[in-house]
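Student: I'd like a close look at a single part of this model, taken slowly. Could you walk me through one sheet and whatever packs around it?

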Amino acid sequence: MAGVACEPVARPSLTSISSGELRSLWTCDCELALLPLAQLLRLQPRAFQLRGDQLAVPGPGDPAAARGGFNVFGDGLVRLDGQLYRLSSYVKRYVELTNYCDYKDYRETILSKPMLFFINVQTKKDTLKERTYAFLVNTRHPKIRRQIEQGMDMVISSVIGESYRLQFDFQEAVKNFFPPGNEVVNGENLSFAYEFKADALFDFFYWFGLSNSTVKVNGKVLNLSSTSPEKKETIKLFLDKMSEPLIRRSSFSDRKFSVTSRGSIDDVFNCNLSPRSSLTEPLLAELPFPSVLESEETPNQFI
């Protein structure tokens, strides 16, 4: 019997703003998104300010942070099209938590705003030239939020009272987005992790690395890159809407994990109910907040 030829798996095509899908994004239809970092800086001057060798992001005490924005994940530095900048305020990609109050604070922090990661992409034709992109994770989209919450819930239910490490990884979704011939050179930046260290006498699973878990977050990546002034304005309005301050509703998830709720996760972890300002202190690094200095216009099409 002749063998049946298997067709190769089709790589997802680039979803661009010209497809018209952006019109439905007001209903939170965006799961993940990519656009050049230079374009993001021009479209979101309140959230990002570039001056000298520093890329400033409003910190927790800044009035601009109360108007929304993004949770920027990083290690303190970002390379924008070949030039290195320091981040003024960011969420560390790896943190250690030692009690359940810090765990709740961390959980609410990462889900309170859209996540933002920086990546650099180069082509095989010109390996010396890199383009910097901003990768956005819409934590308000039910599919994305569910993957993150379920990942955190499942690890807790499996290691109650023990130490563990949990990582969330977006590399597969991003690498499948770019067409062949493009390479993400710093894919490790597309992940974040936290380690909960319990005060356990015998923590054998943790000692031998058996309590380490990774959640590969999947979703549809939307291309928010455009050279059209009209479409840029549409993208700007969408980003403004996406990064608005979170208004809590009385959903089951909010009742279950709110720091002010009763009969919730507080009862499970036996933690007091008062919100704590330490939410951002160990997780965010702050530096002075300079004024904006826009970078030169560059082509906004993907490589």
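**The open sheet and its surroundings**

Tutor: Let's start with one pairing: Leu-97 stands opposite Phe-196 in E13. Keep in mind that this is a predicted model. Leu-97 belongs to E8, where Val-95 and Leu-97 make up the covered face, while Tyr-94 and Glu-96 are on the uncovered one. E8 and E13 run parallel and are joined by four bridges.

Now zoom out a little. These two strands are part of an open, four-stranded sheet with the order E8-E13-E11-E14 and mixed pairing. E8 (94–97) and E14 (212–216) are its edge strands, each pairing on one side only. On average, neighbouring strands here are turned by 15° against each other, if you ignore direction.

On to the other neighbour of E13 in that order. E11 (residues 164–169) runs antiparallel to E13, and six bridges join the two. If you want one spot to click on, take Arg-165, whose bridge partner in E13 is Glu-195.

Next, the helices that lie on these strands. H2 lies across E8, E11 and E13, and runs at about 165° to E13. Helix H3 (residues 142–158) lies across E11, E13 and E14, this time running at about 165° to E11. So E11 and E13 turn up in the list for H2 and again in the list for H3.

H2 deserves a pause. It covers residues 100–112, and because each residue should add 1.5 Å, the expected span of its 13 residues is 18 Å; the end C-alpha atoms are indeed 18 Å apart, which agrees. Its N-terminal end is capped by Asn-99, with a side-chain oxygen 3.1 Å from the backbone nitrogen of Cys-101. H2 is also mostly covered, with eleven of the 13 residues buried. You might expect greasy side chains on that list, and Ile-110 and Leu-111 are there, but the buried residues of H2 also include Asp-102, Lys-104, Asp-105, Arg-107 and Glu-108.

Now back to E13 for its aromatic side. A search of the whole structure turns up 16 aromatic pairs. In one of them, the ring centres of Phe-73 and Phe-192 are 4.9 Å apart and the planes sit at 40°, so this pair counts as tilted. Phe-192 is in strand E13 (residues 191–196) and Phe-73 in strand E4 (residues 71–74), so the pair links parts of the chain 119 residues apart. Phe-73 and Phe-192 are both buried.

A second tilted pair is Phe-117 with Phe-135, at 6.3 Å centre to centre and 40° between the planes. Because Phe-117 lies in strand E9 (residues 115–123) and Phe-135 in strand E10 (residues 130–137), this pair ties together parts 18 residues apart in sequence. Phe-117 counts as buried at 0% relative accessibility, and Phe-135 is buried with a relative accessible area of 0%. Both pairs belong to one aromatic cluster, made up of Phe-73, Phe-117, Phe-135, Phe-168, Phe-170 and Phe-192.

Finally, the whole chain as a backdrop. It has eight helices and 15 strands, and 49% of its 303 residues count as buried. Among contacts in the chain with a separation of 6 or more, 78% are between residues 24 or more positions apart.

Methods: Residues numbered from 1 in each chain as written. Predicted model: local features only at pLDDT ≥ 70, side-chain atom pairs only at ≥ 80, totals over all residues. Heavy atoms only, no water. Phe/Tyr/Trp six-rings, centres within 6.5 Å; stacked < 30°, edge-to-face > 60°. Buried < 20%, exposed > 50% of the residue type's maximum accessible area, 1.4 Å probe, protein only. Expected span 1.5 Å × (residues − 1). Polar contact = N/O pair within 3.5 Å; in protein donor to acceptor, adjacent residues only side chain to side chain. Pairing = 2+ DSSP bridges. Axes fitted to C-alpha atoms, helices over the stretch in contact; angles between N-to-C directions. Contact = heavy atoms within 4.5 Å.
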